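User: I've got a model open and I'd like to learn how to read its packing. Can you walk me through it?

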Amino acid sequence: MKTVTMRVNGKLVSAPTEGRTLLVEYLREGLRLTGTHVGCDTSQCGACVVHVNGLAVKSCTIFAQELEGAEVLTIEGMANSDGSLGVIQQAFQDYHGLQCGFCTPGMVMSAAALLAENPTPSEAEVRQYLEGNLCRCTGYHNIVKAILAASGQAVAAE
Ligand code: FES
Ligand code: FES
């Protein structure tokens, strides 16, 4: 076992790891940050997306021991400092961008990464960026609307 220390949602944290411990296990089991979900065993669903050093990554695809000293942002870090929903989270609520909610943490984290690199994406660009995030409930339409609304672009109301 090796203790790995990283900064998660702005806080310095440490947890014991084995060589095979994935980042998603480190977050969920080591730190009890269970907002990051595991939806597959095949690196396909995107429910586990977090940011590592500013980039969106599937946290089921990277070992925790590779991330000593990394900056990690999870869905728990997306709320405003007063605990209210962040802009993207609020847009998902306002535009009905979720049903069961299982995919939502990964969707929000991917959306945040997209808007950081492309603040006013087109609908096509949003859809293309979300190719690595699967949703079995919504048909994606309202997720795309929510992300466009979060970017400040006019979106037709439901
Ligand atoms: S749990 Fe990581 S891609 Fe599905
Ligand atoms: S809201 Fe259920 S999987 Fe997306």
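**Reading the core and the helix packing**

Analyst: Sure. Start with the largest nonpolar core of this predicted model. This core has 45 residues, and I88, V108, A111, A146 and I147 touch the most other members.

User: Which elements give two or more residues to this core?

Analyst: Strand 1 (2–8), strand 3 (49–52) and strand 5 (71–73) do, along with helix 1 (23–30), helix 2 (87–94), helix 3 (104–117), helix 4 (123–129) and helix 5 (141–150). Helix 5 provides the largest share, seven residues. Domain 1 (2–77) and domain 2 (87–150) each supply at least three residues to this core.

User: What does A146 contact, sequence neighbours within four places aside?

Analyst: A91, F92, Y95 and G97.

User: How do I read the packing of two helices?

Analyst: Look at the axes, then at the residues in between. Here the axes of helix 2 and helix 3 come within 10 Å and cross at roughly 125 degrees. An angle from 115 to 145 degrees counts as oblique, so helix 2 is oblique to helix 3. The crossing is right-handed. Helix 2 makes the contact with I88, Q89 and F92, while helix 3 uses T104, V108, A111 and A112.

User: Why do residues three or four places apart in a helix point the same way?

Analyst: Because an α-helix has 3.6 residues a turn.

User: And what about helix 1: which residues are buried there?

Analyst: L23, V24, E25, Y26 and L27 are buried. The buried residues of helix 1 pack against strand 1 and strand 2 (11–17). Just after helix 1, check R32, which has a positive phi of about 60 degrees.

How values were computed: Residues are numbered from 1 along each chain as its sequence is written. Chains are lettered from A and ligands numbered from 1 in the order in which they are written. This is a predicted model: local features need pLDDT of at least 70, side-chain atom pairs count only at pLDDT 80 or more; totals for chains, interfaces and linings use all residues. A nonpolar core is a set of buried Ala, Val, Leu, Ile, Met, Phe, Trp, Tyr and Cys residues joined through C-beta atoms within 7 Å. A residue is buried if 20 or more other C-beta atoms lie within 10 Å of its own, exposed if 12 or fewer, and partly exposed in between; C-beta atoms are placed from the backbone. Helices (H or I, at least four residues) and strands (E, at least two) are DSSP runs, numbered from the N terminus. Domain bounds come from an automatic or database domain assignment. Two residues are in contact if their C-beta atoms, placed from the backbone, lie within 7 Å. Axes are lines fitted to C-alpha atoms, for helices over the stretch in contact, and angles run from 0 to 180 degrees between N-to-C directions. Angles under 35 degrees count as roughly parallel, over 145 as roughly antiparallel, 65 to 115 as roughly perpendicular and the rest as oblique. A crossing is left-handed if the near helix is turned anticlockwise from the far one by less than a right angle, and right-handed if clockwise.
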